[in-house]
Amino acid sequence: MGVGASYCGMIRPGDGMVRFGPDMGWVDQAFGAELARRLDLGLPVLVGNEAHLGAVAEHQRGAGVGAQNLIYLHGDVGVGGGIIVGGDLLDGDGGYGSEVGHMLVNPDPGRPCGCGSRGCLQAEVGERALLDEAGRPADHKGREEVRAVVAAAGEGDAAARAALGRIGDWLGIGVANLINLFNPGVVIFGGTLREVFPAAAPQVRRRIAANVLPVSRDKARLAVSALGYDATLIGAADLAFSPLLTDPLATPPR
């Protein structure tokens, strides 16, 4: 019926153009059109921002079922965000909304971010920040390395525990700002943040207790993704079915 793809960048609605993908250095790349040409299935490829798709998937069938207002944070190399307001995805005027990973949390001096700024949330809590804080070599990267730091912290490794404490504090600042802004019923941690959050939860909760308005703090639940690393791909699959679900009679069977 269709093809959906998830990508970690700012996607132009309609044609799958990656306007800006800082983690891979992509600017105005026709990802959807090119992937459709390579696959040669006679079908368009619908492309969505990975965190937006993860938010929709968790809202429909994951940790956010029943919540009309939620925030989904997806960790990998960086941090992406998807926000559901009143049951609908908050996508912004041009489709580029909810870029919470580029929310400024540490202006002085701040770690450099791939977007060209410094001190962005994703620069302070992303994969590289955690591994650097834990003293891992620069050539160590990926989900398994993140898991190794979390496991080492659980076994009492001082450097790993200190790294998770520092990362958790920056993450807590970001989450506190988001709760004050959007008053969500649940904040969901996905991707590598699904591994990091349980270990960094004390720092995150401390920031929420100190910096979030009580009326919003009391209602906000913190949860890890129920769909795990598949959340963004499940969202992409839902995206592929969206034309059929929007107008079943207009979509001819193949």
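**Exercise 1: the end of helix α6**

Find the sign of phi at N183, just after α6, then work out how the reach of the helix compares with its expected span.

*Solution.* Start at N183: phi there is positive, about 50 degrees. Keep in mind that this is a predicted model, where local features need pLDDT of at least 70, side-chain atom pairs need 80 or more, and totals for chains, interfaces and linings take in all residues. Numbering starts from 1 along each chain as its sequence is written, and side-chain values use heavy atoms, with hydrogens and water left out.

Next, walk back along α6, which covers residues 158-182 and has 25 residues. (Helices are DSSP runs of H or I with at least four residues, strands are E runs of at least two, and both are numbered from the N terminus.) From first C-alpha to last, α6 reaches 36 Å, close to the 36 Å expected. That expected span is 1.5 Å times one less than the number of residues.

Finally, check the other end. D157 caps the N-terminal end of α6, with a side-chain oxygen 3.1 Å from the backbone nitrogen of A159. (A polar contact pairs N or O atoms within 3.5 Å; within protein, one must be able to donate a hydrogen and the other to accept it, and sequence neighbours count only if both atoms are side-chain atoms.)

**Exercise 2: the rings around Y7**

Which residues join Y7 in a ring cluster, and how is each pair arranged?

*Solution.* A search of the whole structure turns up four aromatic pairs. (Phe, Tyr and Trp rings, the last by its six-membered ring, pair if their centres lie within 6.5 Å; planes under 30 degrees apart are stacked, over 60 edge-to-face, the rest tilted.)

Take Y7 and W26 to begin with. Their ring centres are 4.8 Å apart and the planes meet at 15 degrees, so this pair is stacked. Y7 belongs to strand β1 (residues 3-7) and W26 to strand β4 (residues 26-29), so the pair links distant parts of the chain, 19 residues apart.

Now add accessibility. Y7 counts as buried at 6%, while W26, at 22%, is partly exposed. (Buried is under 20% relative accessible area, exposed over 50%, partly exposed in between, using a 1.4 Å probe and protein chains only.)

Then turn to Y7 and F31. Here the centres are 5.6 Å apart with planes at 50 degrees, so the pair is tilted. Again distant parts of the chain are linked: F31 sits in helix α1 (residues 31-39), 24 residues from Y7 in β1. F31 is partly exposed at 21%. Put the pairs together and you get a cluster of Y7, W26 and F31.

**Exercise 3: closed spaces**

How many cavities of 30 Å³ or more does the structure hold, and what lines the largest cavity?

*Solution.* There are two such cavities. (On a 1 Å grid over protein atoms alone, a cavity is where a 1.4 Å probe fits but cannot get out; a pocket is an open set with protein on both sides within 12 Å along at least five of seven lines; lining residues have an atom within 4 Å of a point. Points join across faces, edges and corners, and volume is the space filled by probe spheres set on them.)

The largest cavity is about 70 Å³. Its lining has 13 residues, with V125, G126, E127, T192 and V196 nearest the centre. Helices α4 (127-133) and α7 (193-211) each give two or more of them.

The second largest cavity has about 40 Å³ of space, and its lining includes H52, Y96 and E99.

**Exercise 4: open spaces**

Which element gives the largest share of the lining of the largest pocket?

*Solution.* The largest pocket has a volume of about 530 Å³. Of its 23 lining residues, V47, G48, L53, L89 and L239 are closest to the centre. At least two residues each come from β2 (10-12), β5 (45-49), α2 (50-61) and α9 (231-246). The largest share, six residues, belongs to α9.

Now compare the second largest pocket, at about 420 Å³. It is lined by 27 residues, and C8, G9, D23, E50 and H74 lie closest to its centre. The elements giving two or more residues are α2, β6 (70-75), β7 (79-85) and α9.

**Exercise 5: a long-range neighbour**

Is I84 buried or exposed, and how far is I84 from P184 in space?

*Solution.* First place I84 in strand β7. At 2% relative accessibility, I84 is buried. Although I84 and P184 are 100 residues apart in sequence, their C-alpha atoms are 8.5 Å apart.
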